[in-house]
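Please walk through this structure with me, beginning at one turn and moving outward from there. The explanation is meant for someone who has not seen it before.

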Amino acid sequence: MSQRDVVFPAGRQALYERNRYSPAIRSDGFLFVSGQVGSREDGSPEPELQAQVRLAFNNLNAVLKAAGCTFDDVVDVTVFIVDPETKFEKIWEVVPEFWGSAPHPTVTAVGVTWLYGFQFEIKVIAKLP
């Protein structure tokens, strides 16, 4: 197996190494980004929902930046939401702050029962510039 081309955002490599996964992998012109949550520097969840969503996007943008990308390079998005029936609208109020202008990436939203103390997670695939 060839070695993975891993991308680490500045300042969070120890968190990823402790949890034994890669934040992103470059492969065949694409960047596959692991799910990003609204975690603080120590890995704990931001308690307020909309602040947690903003922090998840900020963490995502740090990974994208480390690979030389921006959210404009994102082609596919998957979001995971705990209790989407009550939280979706509040979450989607924050999304335009980060989403950019049309055409937008594809998106799949998945309702889940547990995200290790988080309420929102975003996973993307981006085209490398």
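In this predicted model, a convenient place to begin is the hairpin formed by strand 2 and strand 3, which has two residues between the strands and, in its turn, Asp-28 with a positive phi of about 50°. Strand 2 covers residues 24-27, and its pairing with strand 3 is antiparallel, running over four bridges. Two of the facing positions can be picked out by eye: Ser-27 stands opposite Phe-30 of strand 3, and Arg-26 stands opposite Leu-31 in that strand.

Strand 3 also has a partner in strand 6 (residues 120-127), and here too the sense is antiparallel, with six bridges joining the two. Within this pairing, Phe-32 has Ile-125 of strand 6 as its bridge partner. The ring of Phe-30 has a further companion, since Lys-127 lies over its face at 5.2 Å from the ring centre. How enclosed is strand 3 by the rest of the structure? Six of the eight residues in this strand, which spans residues 30-37, are buried, so strand 3 is largely enclosed by what surrounds it.

On the other side of the hairpin, strand 1 pairs with strand 2 in the antiparallel sense over three bridges. Asp-5 stands opposite Arg-26 of strand 2, while Val-7 has Ala-24 in strand 2 as its bridge partner.

With these pairings in mind, the whole sheet can be described: it is an open sheet of six strands, arranged in the order 1-2-3-6-4-5, and its pairing is mixed. Strand 1 (5-7) and strand 5 (106-112) stand at the edges and have a single partner strand each, so one side of each is left without a neighbour in the sheet. From one strand to the next, the twist averages 20°. As a general point for reading such a sheet, the side chains of a regular strand alternate between the two faces of the sheet.

Helices pack on this sheet as well. Helix 2 touches strand 1, strand 2, strand 3, strand 4 (74-82) and strand 6, and the direction of helix 2 makes about 155° with that of strand 3. Helix 3, made of residues 84-92, packs on the sheet by touching strand 4, strand 5 and strand 6, and its direction makes about 135° with that of strand 4.

The aromatic residues give another way to follow how these elements meet. The structure holds nine aromatic pairs, and one of them is the stacked pair of Phe-57 and Phe-120, whose rings are 6.2 Å apart from centre to centre with 25° between their planes. Because Phe-57 lies in helix 2 and Phe-120 in strand 6, this pair ties together parts that are 63 residues apart in sequence. Both partners are buried: Phe-57 has a relative accessible area of 0%, and Phe-120 has one of 1%. The two also belong to one aromatic cluster, which is formed by Phe-57, Phe-71, Phe-88, Trp-92, Phe-98, Trp-99 and Phe-120.

Helix 2 (residues 49-66) also contains Gln-50. Is Gln-50 buried or exposed? With a relative accessible area of 13%, Gln-50 falls under the 20% cut-off and is therefore buried. Setting aside residues up to four places away in sequence, Gln-50 touches Lys-90, Glu-93 and Val-94, and a polar contact of 2.9 Å joins the side chain of Gln-50 to that of Glu-93.

A last stop is Phe-118, which lies in the loop between strand 5 and strand 6. Although it sits in a loop, Phe-118 is buried, with a relative accessible area of 6%. Which residues is Phe-118 in contact with, leaving aside its neighbours within four places in sequence? They are Val-37, Gly-38, Ser-39, Gly-43, Ser-44, Pro-45, Gln-52 and Val-82. Val-94, which was met above as a residue touched by Gln-50, is 24 residues from Phe-118 along the chain, and the C-alpha atoms of Phe-118 and Val-94 are separated by 16 Å.

Conventions: Residues are numbered from 1 along each chain as its sequence is written. This is a predicted model: local features need pLDDT of at least 70, side-chain atom pairs count only at pLDDT 80 or more; totals for chains, interfaces and linings use all residues. Side-chain values use heavy atoms; hydrogens and water are left out. Buried means under 20% relative accessible area, exposed over 50%, partly exposed in between (1.4 Å probe, protein chains only). A polar contact is a pair of N or O atoms within 3.5 Å; within protein, one must be able to donate a hydrogen and the other to accept it, and residues adjacent in sequence count only if both atoms are side-chain atoms. Contact means heavy atoms within 4.5 Å. Two strands pair if DSSP finds at least two bridges between them. Rings of Phe, Tyr and Trp (its six-membered ring) pair if their centres lie within 6.5 Å; planes under 30 degrees apart count as stacked, over 60 as edge-to-face and the rest as tilted. A charge sits over a ring if NZ of Lys or CZ of Arg is within 6 Å of the ring centre and within 35 degrees of the ring normal. Axes are lines fitted to C-alpha atoms, for helices over the stretch in contact, and angles run from 0 to 180 degrees between N-to-C directions.
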